[in-house]
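Good morning. Please have the sequence and the structure open while I talk.

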Amino acid sequence: MGTSVFYFVATLSVIFSLMVIFSKNPVHSVLYLIVTFFTFTVHYILLNAQFLAVVNFIVYMGAIMVLFLFVLMLLNLNKDNEPLKSGAVKVVGVIAGCCLVVTLVGSLKATAVSDPVILRNPNLGLLKNLGKELFGPFMLPFELSSILLLSAMVGAVLLTKKEKV
């Protein structure tokens, strides 16, 4: 049953990601991207990576998508102010599309000969094990990154603060 759920969710991932690309309305593209990220969350749960699933759900489906929608509304994209594309840009697009097709065909050939992934350690991806790693051998880099983020936040506040004259 697990493989059938995986293939169903993988098919949904591909369908919704193609809808992101081929949708004419940018807001619809962002909504399809949210659904695509949700299918990624389901993949993480199937791989027993609950922490990654929750982080993907909160960060990407929440904050990043709200940011995308805000930028789209801020840009106010219309067909009137869209510049015309030159022939060279279209040729480069066709070449990039052909490269993508070659890559997809090669990856499909590679999946025909590879073995399926079998989860040998059922505790892999659990939050308890991630915490042991972060607060064990990776304690110093973890704390340094938190200090870096704190200093970036303080710097952003100081840059936006207006001086009293």
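I will go from the whole chain to single residues.

First, the ground rules. This is a predicted model, in which local features need pLDDT of at least 70 and side-chain atom pairs count only at pLDDT 80 or more, while totals for chains, interfaces and linings use all residues. Residues are numbered from 1 along each chain as its sequence is written, and side-chain values use heavy atoms, with hydrogens and water left out.

Now the overall build. The protein has 6 helices and 0 strands. Helices and strands here are DSSP runs, H or I of at least four residues for a helix and E of at least two for a strand, numbered from the N terminus. Along the sequence the pattern reads α-α-α-α-α-α.

How much of the protein is buried? Of its 165 residues, 11% count as buried. Buried means under 20% relative accessible area, exposed means over 50%, and partly exposed is in between, with a 1.4 Å probe and protein chains only. The protein exposes about 13,600 Å², and carbon and sulfur atoms supply 76% of that. Accessible areas come from the Shrake-Rupley method with a 1.4 Å probe, and for residues only the protein chains shown count as cover.

As for contacts, meaning heavy atoms within 4.5 Å, take those in the protein with a separation of 6 or more. Residues 24 or more positions apart account for 57% of them.

Next, the inside. The largest nonpolar core has 6 residues in all: V30, I34, F37, M61, M65 and L72. A nonpolar core is a set of buried Ala, Val, Leu, Ile, Met, Phe, Trp, Tyr and Cys residues joined through side-chain atoms within 4.5 Å. Helices α2 (26-46) and α3 are the elements that give two or more residues to this core.

Two buried residues of α3 are next. N56 sits in helix α3, which covers residues 50-75. N56 counts as buried because its relative accessible area is 5%. What does the side chain of N56 reach at 3.0 Å? That is the backbone oxygen of F37. The side chains of N56 and T41 are also joined by a polar contact of 2.7 Å. A polar contact is a pair of N or O atoms within 3.5 Å; within protein, one must be able to donate a hydrogen and the other to accept it, and residues adjacent in sequence count only if both atoms are side-chain atoms. Leaving out residues up to four places away in sequence, N56 touches F37, F40, T41, Y44 and M61.

A53 is in helix α3 too. Its relative accessibility is 4%, so A53 counts as buried. Beyond four places in sequence, A53 touches T41, Y44 and I45. The C-alpha atoms of A53 and F40 are 7.8 Å apart, with their positions 13 residues apart in sequence.

Now the outside. A nonpolar patch on the surface is formed by F38, F51, V54, V55, F57, I58, V59, Y60, L127 and L130, with about 850 Å² of accessible area together. The elements that give two or more residues to the patch are α3 and α5 (127-134). Helix α3 gives the most, with 7 residues. Patches are made of residues with over 30% relative accessible area and no salt bridge; like charges are joined within 9 Å, and nonpolar side chains (Val, Leu, Ile, Met, Phe, Trp, Tyr) within 5 Å. A salt bridge is a side-chain nitrogen of Lys or Arg within 4 Å of a carboxyl oxygen of Asp or Glu.

Is L127, in helix α5, buried or exposed? With a relative accessible area of 53%, L127 is exposed. L52 and L127 are 75 residues apart in sequence, and their C-alpha atoms are 9.0 Å apart in space. L52 belongs to helix α3 and, at 44% relative accessibility, is partly exposed.

Last, the start of the chain. S23 lies in the loop between α1 (2-22) and α2. A polar atom of the S23 side chain is 3.3 Å from the backbone oxygen of N25. Not counting residues up to four places away, S23 touches H28, S29 and Y32.

Y32 is in helix α2 and is partly exposed, at 25% relative accessibility. With the same sequence limit, Y32 touches F16, M19, V20 and S23. The C-alpha atoms of Y32 and I15 are separated by 9.5 Å, and the two residues are 17 apart along the chain.
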